[in-house]
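Here are some exercises to work through with the model open beside you. Try each task before you read its solution.

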Amino acid sequence: MKIATAFSLADCAEQAAFETSRDLHGRLGAAPQLLVLYATEHRAEPALVAALSAHLPGVQIVGGTSCAGVMTEHGFHSGPDGAVGVLGLVDPEGAYGVGAAPLGDDAQAAGAAAVERALTAAGRDFEIPTLVWCCQPPGCEEGVLAGVQSVIGAQTPIIGGSSADEAIAGAWRQFACEGVLEDHVVVAVLFPSTRHGAAFQSGYAPTGLFGVVTRAQDRQVLEIDHRPAGEVYGHWTEGAVGADGAGAILAMSTPTPLGRVAAEVQGVPMFVLSHPALLGVAGDLSLFTDISEGDVVHMMRGSPESLVKRAGLVIDDACAMGGWAGADSLGGLVIYCGGCMLHVRDQMDEVVEEIRRAMPGAPFLGAFTFGEQGAIVDSCNRHGNLMVSALTFG
């Protein structure tokens, strides 16, 4: 297996495709079998995917839009004309395929259809892939995961992120061989010939404050411990959130999301996070994840320092899960929450440096998403917010 990355800040889609495909081909010595593509909303143009497909005949494309920029081993890349980042993979002894399906009104059915099409594209119908990479719009992630698992089972790691835009205005898109897609599920099935490792974590710790969700609907928490959820959350944050009344609270709530225990490792709880997005006039909290009555929610807290260091630590764990030291990595993919990135944007060079430390000399591509998916423990696939998901090869 050979892995390489490339990026472009060119002011037109065709030039960005030319630059990245040229650099990839030069570093790999051949056209890649699989192309992971992330770009800002400014470059989410049909011409980008069409030109990449023309320059790299036969390539399978998976990816989506990334908030404000992308990152590679060469740095954090953002510019006034947008940014494009790609990772190419050549693995003659492996198999790779991408499938896409429109969400419609059934995310679970779309997830199932997309993975079935991906298996067909890989020439591995009715087989279970080693792992799955996914991309979808925000809002339907739990259904997509359920749909993919209905085809391949719950033990296969599902890794990826939800496409993002600049202003949470619905300008997010997904990329596949068919072009730039809106409201689609796009998945890649991977049968690599080498080892892989995956990890999914956050840079937040529990504060000791917690409660039981006593009323909920879809992605809204109405009550915690039989009190209005916003009132409880405002008390937990000591008035830092909610003091100005109802409305958007995404930026204010980034340091203090809600967490639920998804699994335990040697007695240590592993949390999956939910990012409070809106405070309703009735005291309800709207999240970027599903929530259910009976869930125990913990108030978590993260610092800029912990968010900067977390990506490198997740890479460390991914390599360890694969059974090799970071210095032996062939390369990898990093999904880093867009909300976290905006919170520490002035320190993104440090984030890149932490990943370089964890995988010295290895190529990597990172995207900034509005929802993260990963396998926490024993392929416990979950959707969360404000998290880091990583996949490495060795």
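Axes are lines fitted to C-alpha atoms, for helices over the stretch in contact, and angles run from 0 to 180 degrees between N-to-C directions. Keep in mind as you go that this model is predicted.

**Exercise 1. Two packed helices**

Task: Find at what angle helix 1 and helix 2 pack, and which residues make the contact.

Solution:
- Step 1. Two numbers are needed, since packed helices are described by the angle between their axes and the distance between the axes.
- Step 2. Locate helix 1 at residues 13–28 and helix 2 at residues 46–55. Their axes are 8 Å apart, at an angle of about 35 degrees.
- Step 3. Now look at the handedness: the crossing of helix 1 with helix 2 is right-handed.
- Step 4. List the contact. Helix 1 contributes Ala13, Glu14, Ala16, Ala17, Phe18, Thr20 and Ser21, while helix 2 contributes Ala47, Leu48, Ala51, Leu52 and His55.
- Step 5. Sort these residues by type: eight are nonpolar, three are polar and one is charged.

**Exercise 2. Aromatic pairs**

Task: Work out how many aromatic pairs there are, and describe the pair of Trp172 and Phe370.

Solution:
- Step 1. Rings pair if their centres lie within 6.5 Å, and planes over 60 degrees apart count as edge-to-face. By this rule there are three aromatic pairs.
- Step 2. Trp172 and Phe370 have ring centres 6.1 Å apart and planes at 85 degrees, an edge-to-face pair.
- Step 3. Place the two residues in the chain. Trp172 is in the loop between strand 9 and strand 10, Phe370 is in the loop between strand 24 and strand 25, and the two are 198 residues apart.
- Step 4. Check their surroundings, using under 20% relative accessible area as the cut-off for buried. Trp172 is buried because its relative accessibility is 14%, and Phe370 is buried because its value is 12%.
- Step 5. Turn to Tyr336 and Phe368: their planes are at 90 degrees and their centres 6.1 Å apart, so this pair is edge-to-face. Tyr336 belongs to strand 23 and Phe368 to strand 24, 32 residues apart.
- Step 6. Both Tyr336 and Phe368 are buried. Together with Phe76 they form one aromatic cluster.

**Exercise 3. Positive phi**

Task: Phe126 and Asp183 have a positive phi; find where each one lies and whether it is exposed or partly exposed.

Solution:
- Step 1. Most residues other than glycine have a negative phi.
- Step 2. For Phe126, phi is near 70 degrees. Phe126 lies in the loop between helix 3 and strand 8.
- Step 3. Phe126 is exposed because its relative accessible area is 85%, and the cut-off for exposed is over 50%.
- Step 4. For Asp183, phi is near 55 degrees. Asp183 sits in the loop between strand 11 and strand 12, and its relative accessible area of 38% makes it partly exposed.
- Step 5. Add another case: Glu238, just after helix 5, has a positive phi of about 55 degrees.

**Exercise 4. Buried or partly exposed?**

Task: Decide whether Leu209 and Glu372 are buried or partly exposed, then list what each one touches beyond its neighbours within four places in sequence.

Solution:
- Step 1. Leu209 is in strand 14. With a relative accessibility of 32%, Leu209 counts as partly exposed.
- Step 2. Leu209 contacts Trp236, Val297, His298 and Met299. The C-alpha atoms of Leu209 and Trp236 are 6.9 Å apart, although 27 residues separate the two in sequence.
- Step 3. Glu372 is in strand 25, and Glu372 is buried because its relative accessible area is 0%.
- Step 4. Glu372 touches Gly160, Gly161, Phe200, Ile335, Cys337, Arg382, His383, Gly384, Asn385, Leu386 and Met387.

**Exercise 5. An enclosed helix**

Task: Explain why helix 5 is described as largely enclosed by the rest of the structure.

Solution:
- Step 1. Find helix 5 at residues 229–236.
- Step 2. Pick out its buried residues: Ala229, Gly230, Val232, Tyr233, Gly234 and Trp236.
- Step 3. Six of the eight residues are buried, so helix 5 is largely enclosed.
- Step 4. Follow one contact outwards: Ala229 is among the residues touched by Glu223. Glu223 lies in strand 15 and is itself buried because its relative accessibility is 18%.

Note on methods: Residues are numbered from 1 along each chain as its sequence is written. This is a predicted model: local features need pLDDT of at least 70, side-chain atom pairs count only at pLDDT 80 or more; totals for chains, interfaces and linings use all residues. Side-chain values use heavy atoms; hydrogens and water are left out. Helices (H or I, at least four residues) and strands (E, at least two) are DSSP runs, numbered from the N terminus. Buried means under 20% relative accessible area, exposed over 50%, partly exposed in between (1.4 Å probe, protein chains only). Contact means heavy atoms within 4.5 Å. Rings of Phe, Tyr and Trp (its six-membered ring) pair if their centres lie within 6.5 Å; planes under 30 degrees apart count as stacked, over 60 as edge-to-face and the rest as tilted. A crossing is left-handed if the near helix is turned anticlockwise from the far one by less than a right angle, and right-handed if clockwise. Ala, Val, Leu, Ile, Met, Phe, Trp, Tyr, Cys and Pro count as nonpolar, Asp, Glu, Lys and Arg as charged, and the others, Gly among them, as polar.
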